[in-house]
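Please load the model in your viewer, switch to a cartoon representation, and keep a selection panel at hand. The stops below go from the whole chain to single side chains.

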Amino acid sequence: MLGLSILGLSVVSQIVIFLIETVFSLYIGAVVIRLLLGFARASFHNPFSQFLVKITNPVLVPLRRFIPSFGSVDTSAVVLAYTLTLVKLSLLFLISKGAIMFPETLLFALGELVKTIIWIYIIALIIQAIMSWVGNTQGNPLVPLINSLTNPILRPIRKVVPLVGMMDLSPLVAILGLNILLIIANNLFH
């Protein structure tokens, strides 16, 4: 009987951890994508952009009253993404370890946020590559957003890496570089 209750608690804990990780990660991802699209000066008239605005505005608009933007960086979005990451990690530590390791959590949250940004760029580059292989993407509202998002990374690489025939290798070079940054971030923040 005791084994079953411990097993039941473990299963419940795993479900709660999964739900916390999923819900927080999706919303943090939405905030970070909105931040990156704003930084890239992407069109916010796009249906996907409008979706991001609608789900993030309820929290970002009140924050903007207290936290001003600095240049093209939406500081309130940075603060929100970091705070949500900090809350997510605190809850996960509390459930898995029974305590919040506060000084370490501050650093882990920064590392998680950096890794989230890197992963967003990697995924956007992969989607962009797949969409270019598919062919006719005219009228797809995601194409201009992904182009806007990845252009700040690809533009400097394209100046150095020439076209090979008809092939643009700059997304591959960018993905390799981002994976190297991911390895560095994993070692710095863990």
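How many helices and strands does the protein chain have? Colour the cartoon by secondary structure and you should find 6 helices and 0 strands, where helices (H or I, at least four residues) and strands (E, at least two) are DSSP runs numbered from the N terminus. Read from the N terminus on, the order of elements is α-α-α-α-α-α.

Before going further, note that this is a predicted model, in which local features need pLDDT of at least 70 and side-chain atom pairs count only at pLDDT 80 or more, while totals for chains, interfaces and linings use all residues. Residues are numbered from 1 along each chain as its sequence is written, and side-chain values use heavy atoms, with hydrogens and water left out.

**The whole chain**

With everything selected, the C-alpha atoms fill a box of roughly 65 × 40 × 30 Å along the principal axes. Switch on the surface: the accessible area of the protein chain is about 11600 Å², and carbon and sulfur atoms hold 75% of that, as computed by the Shrake-Rupley method with a 1.4 Å probe. Of the 190 residues, 33% are buried, meaning under 20% relative accessible area, as against exposed at over 50% and partly exposed in between (1.4 Å probe, protein chains only). Among contacts (heavy atoms within 4.5 Å) with a separation of 6 or more, 61% join residues 24 or more positions apart.

**The nonpolar core**

Next, select I28, V32, L36, L37, L125, L149 and L178, the residues with the most contacts inside the largest nonpolar core, which has 36 residues. Such a core is a set of buried Ala, Val, Leu, Ile, Met, Phe, Trp, Tyr and Cys residues joined through side-chain atoms within 4.5 Å. Two or more of its residues come from each of α1 (2-39), α2 (47-64), α3 (75-97), α4 (102-134), α5 (142-160) and α6 (170-188), and α1 gives the most, with 9 residues. Centre the view on L178, which touches I118, Y121, I122 and L125 when residues up to four places away in sequence are not counted.

**Aromatic pairs**

Now show the rings of Phe, Tyr and Trp (its six-membered ring), which pair if their centres lie within 6.5 Å, with planes under 30 degrees apart counted as stacked, over 60 as edge-to-face and the rest as tilted. By this rule there are 2 aromatic pairs. In one of them, F48 and F51, the ring centres are 6.4 Å apart and the planes meet at 35°, so the pair is tilted. Both residues lie in helix α2, 3 residues apart, about one turn of the helix; F48 is partly exposed at 33% relative accessible area, and F51 is partly exposed at 47%.

Move on to F93 and F108, a tilted pair with 5.8 Å centre to centre and 45° between the planes. Because F93 lies in helix α3 and F108 in helix α4, this pair ties together parts 15 residues apart in sequence. F93 is buried, with a relative accessible area of 12%.

**Two loop residues**

Is D74, in the loop between α2 and α3, buried or exposed? D74 is buried, at 12% relative accessible area, and beyond its neighbours within four places in sequence it is in contact with L35, L60, R64 and S69.

Finish at R41, in the loop between α1 and α2, which is exposed at 67% relative accessible area. R41 has a positive phi of about 60° although it is not a glycine.
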